[in-house]
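Colleague: I would like to go through this model with you, one question at a time. Please give the reasoning before each value or name.

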Amino acid sequence: MRYSPGQVAEQTGFSLDTLRYYERIGLLDDIARNSGGRRVFTEDDLAWLRILRCLRDTGMPIQRMVRYAELVRGGDETVAERLEVLREHDRDIDEKIAHLRVEQEHIRSKIDHYQQNLAGRTESVSQA
């Protein structure tokens, strides 16, 4: 199955500009072209873009994504390095989640404060 850039953008959520950028910086490699020179994507390309989407959505920096892509293209001898890149990213995600939990507690504290404030106003109005 072959996909146009528009179809790929629709399926992956990446813009056409992002797809071109990813190709330019080496995140996408060997994208085929049709006789008119337009990019044509394969199922393998889509699978790779799904991995990139996951990495990007979880906050992996572009430079680390490029490094990971280079390692993937490096073959089986880079598996240990790829594993370390992903473990490092996993640790980063854990830190972000922990930070978000602390911030969420702060927000919940504010919600409680405002709910109590509103409840106090309601009681005052009903007693009048």
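Colleague: Which elements cover the buried residues of α1?

Modeller: This is a predicted model. Helix α1 spans residues 5–12, and its buried residues are P5, V8, A9 and T12. What covers them includes α2 (16–25), β2 (39–40) and α3 (43–57).

Colleague: Over what arc around the axis of α1 do these buried residues lie?

Modeller: The residues in question are P5, V8, A9 and T12. They are on the same side of α1, because the arc they cover around the axis is only 100°.

Colleague: Which residue follows α1, and what is its phi?

Modeller: Helix α1 ends at residue 12. The residue that follows α1 is G13, and its phi is positive, near 85°.

Colleague: Which residue has a positive phi although it is not a glycine, and is it buried or exposed?

Modeller: The residue is D30, with a phi of about 60°. D30 sits in the loop between α2 and β1 (32–33). Its relative accessibility is 69%, and the cut-off for exposed is over 50%. D30 therefore counts as exposed.

Colleague: D45 is in helix α3; is D45 buried or exposed, and with which residues is it in contact?

Modeller: The relative accessibility of D45 is 13%, and buried means under 20%, so D45 counts as buried. The C-alpha atoms of D45 and A9 are separated by 12 Å, with their positions 36 residues apart along the chain. Leaving aside neighbours within four places in sequence, D45 is in contact with I31 and V40.

Colleague: Which residues are in contact with A69, apart from its sequence neighbours?

Modeller: A69 belongs to helix α4 (residues 62–73). A69 counts as buried because its relative accessibility is 1%. Without its neighbours within four places in sequence, A69 is in contact with G26, L27 and W48.

Colleague: How far is A69 from K110?

Modeller: K110 falls within helix α5 (residues 79–127), whereas A69 is placed in α4. The two are 41 residues apart along the chain, and their C-alpha atoms are separated by 43 Å.

Colleague: R82 is in helix α5; is R82 buried or exposed, and what is it in contact with?

Modeller: With a relative accessible area of 16%, R82 is buried, because the cut-off is under 20%. R82 and R67 are 15 residues apart in sequence and 8.8 Å apart from C-alpha to C-alpha. Leaving aside neighbours within four places in sequence, R82 is in contact with Y68, L71, V72, G75 and D76.

Colleague: In what pattern do the helices and strands follow one another along the sequence?

Modeller: The protein has five helices and two strands. Read along the sequence, the pattern is α-α-β-β-α-α-α.

Colleague: What radius of gyration does the protein have, against that of a compact globule?

Modeller: The C-alpha atoms fill a box of roughly 80 × 35 × 20 Å along the principal axes. A compact globule of 128 residues would have a radius of gyration near 14 Å. The protein has 23 Å.

Colleague: What share of the residues is buried?

Modeller: The protein exposes about 9000 Å², of which carbon and sulfur atoms supply 51%. Of its 128 residues, the buried share is 27%.

Colleague: How far apart are the mean positions of the positive and negative charges?

Modeller: There are 20 positive and 23 negative charges in the protein. Their mean positions are apart by 5 Å.

Terms used
Residues numbered from 1 in each chain as written. Predicted model: local features only at pLDDT ≥ 70, side-chain atom pairs only at ≥ 80, totals over all residues. Heavy atoms only, no water. Helix = DSSP H or I, 4+ residues; strand = E, 2+ residues; numbered from the N terminus. Rg over C-alpha atoms; globule rule 2.2 N^0.38 Å. Buried < 20%, exposed > 50% of the residue type's maximum accessible area, 1.4 Å probe, protein only. Areas by Shrake-Rupley, 256 points an atom, 1.4 Å probe, with all protein chains shown as cover. Lys, Arg positive; Asp, Glu negative; His and termini not counted. Charge placed at Lys NZ, Arg CZ, Asp CG, Glu CD. Arc of directions from axis to C-beta. Contact = heavy atoms within 4.5 Å.
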